Amino acid sequence: MTSGISRRARVLAAAVGTGVLVPLVAAATPAAAAPPAVTCTSAKAGLAAKLKKDITAALATRKGTVAVGLYDRSTNTTCTLRASSAYDSASVVKVTVLATLLWDAKKTNRYLTDRENTLAKAMITKSDNAATSTLWKQLGMTKIKNFLKAAGMTQTKPGANGYWGLTQITVTDEQKLLKLLTAKNAVLSDNSRSYIVKLMGQVVSSQRWGTPYGVPSGVSVAVKNGWLQRSTNGWRVHSVGAFKGGGHDYVMTVLSHGNSTMNYGIATIQAVAKVIHKDLAAS
């Protein structure tokens, strides 16, 4: 052994004719990539740092893969985590279905029929799957894709062959949709927006979990949730919500998969929602 370099290393170095002794060193095992971090910005001093810290802490011990979006108009606050990660939509896509129906009706200057109103109400307030399938089929893929284009929801990919629950959604696009529902815009009429938000405010009590958890009293709630179990990535559990009151006007999306049970996913979403409501109320 010379200068700490093995005979084998010296032989190899000589063999390749470099004239330089190159010891053979085992490649270091690369460290596991750090998980993506929550990012927040706000016009309100200290609020972004508080939200980042508290959302991160809420997720620290939770299993599964979670994506988060928050936007508060009142303080110009935005938080994101995995904003562009795709998830199977489950029933969250039902808000998009209703928005498409109303957008299309507006284009032809007509009101929804009594049948469409009945289907829409069942789809949103009770998460009725049969009603959703009927409206999805009635609209067809072209109209759905045209609405997504008009709404700027470029990351959303409608489920094929009638499988609306396998539509691919992201936090970025769900937040775009929620913003369209809660402020004047050129895509949805004021009547359409208020109709969707009204139905989301009438969701049956057993389905009002998720983003509304911990909402302060006096703050209005509009919510739509989704849940679906598949052989890969366990349970998908999602919640989108719009909240107004207490000096705030905000929309929130929490998407998750890799949950062992539906209730586990709900608990994860509610841990995030609780700190968001609390931090905004205190700001």
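This report describes three strands and two helices of a predicted model.

Local features are taken where pLDDT is at least 70, side-chain atom pairs count only at pLDDT 80 or more, and totals for chains, interfaces and linings use all residues. Residues are numbered from 1 along each chain as its sequence is written, and side-chain values use heavy atoms, with hydrogens and water left out.

**Strands S6, S7 and S8**

Helices (H or I, at least four residues) and strands (E, at least two) are DSSP runs, numbered from the N terminus. Strand S7 covers residues 235-245, and 10 of its 11 residues are buried, so S7 is largely enclosed by the rest of the structure. Buried means under 20% relative accessible area, exposed over 50%, and partly exposed in between, with a 1.4 Å probe and protein chains only.

S7 pairs with S6 and is joined to S8; two strands pair if DSSP finds at least two bridges between them. Both pairings are set out below.

| Strand pair | Sense | Bridges | Citation |
|---|---|---|---|
| S6 (residues 220-229) and S7 | antiparallel | 10 bridges | |
| S7 and S8 (residues 248-257) | antiparallel | 7 bridges | |

On the S6 side, Lys224 stands opposite Val240 of S7. The hairpin of S6 and S7 has 5 residues between the strands, and Asn233 in this turn has a positive phi of about 60°. On the S8 side, Gly241 has Met252 as its bridge partner. Here the hairpin has 2 residues between the strands, with Gly246 in the turn at a positive phi of about 65°.

**Helix H2**

Helix H2 (residues 47-59) has buried residues Leu47, Ala48, Leu51, Asp54, Ile55, Ala58 and Leu59. They cover an arc of only 140° around the axis, which puts them on the same side of H2; the arc is that of the directions from the helix axis to the C-beta atoms. Exposed residues Ala49 and Lys53 lie on the face turned away from that buried side. The cover over the buried residues includes strands S1 (39-41), S2 (65-72) and S3 (77-81) and helix H8 (262-281), where contact means heavy atoms within 4.5 Å.

**Helix H4**

The 12 residues of H4 (residues 114-125) should span 16 Å at 1.5 Å a residue, and the end C-alpha atoms are 16 Å apart, which agrees. The expected span is 1.5 Å times one less than the number of residues. Glu116, Leu119, Ala120, Ala122, Met123, Ile124 and Thr125 are the buried residues of H4. Among the elements covering them are helices H3 (94-107), H5 (129-150) and H7 (190-200), together with strand S6. After H4 comes Ser127, with a positive phi near 55°.
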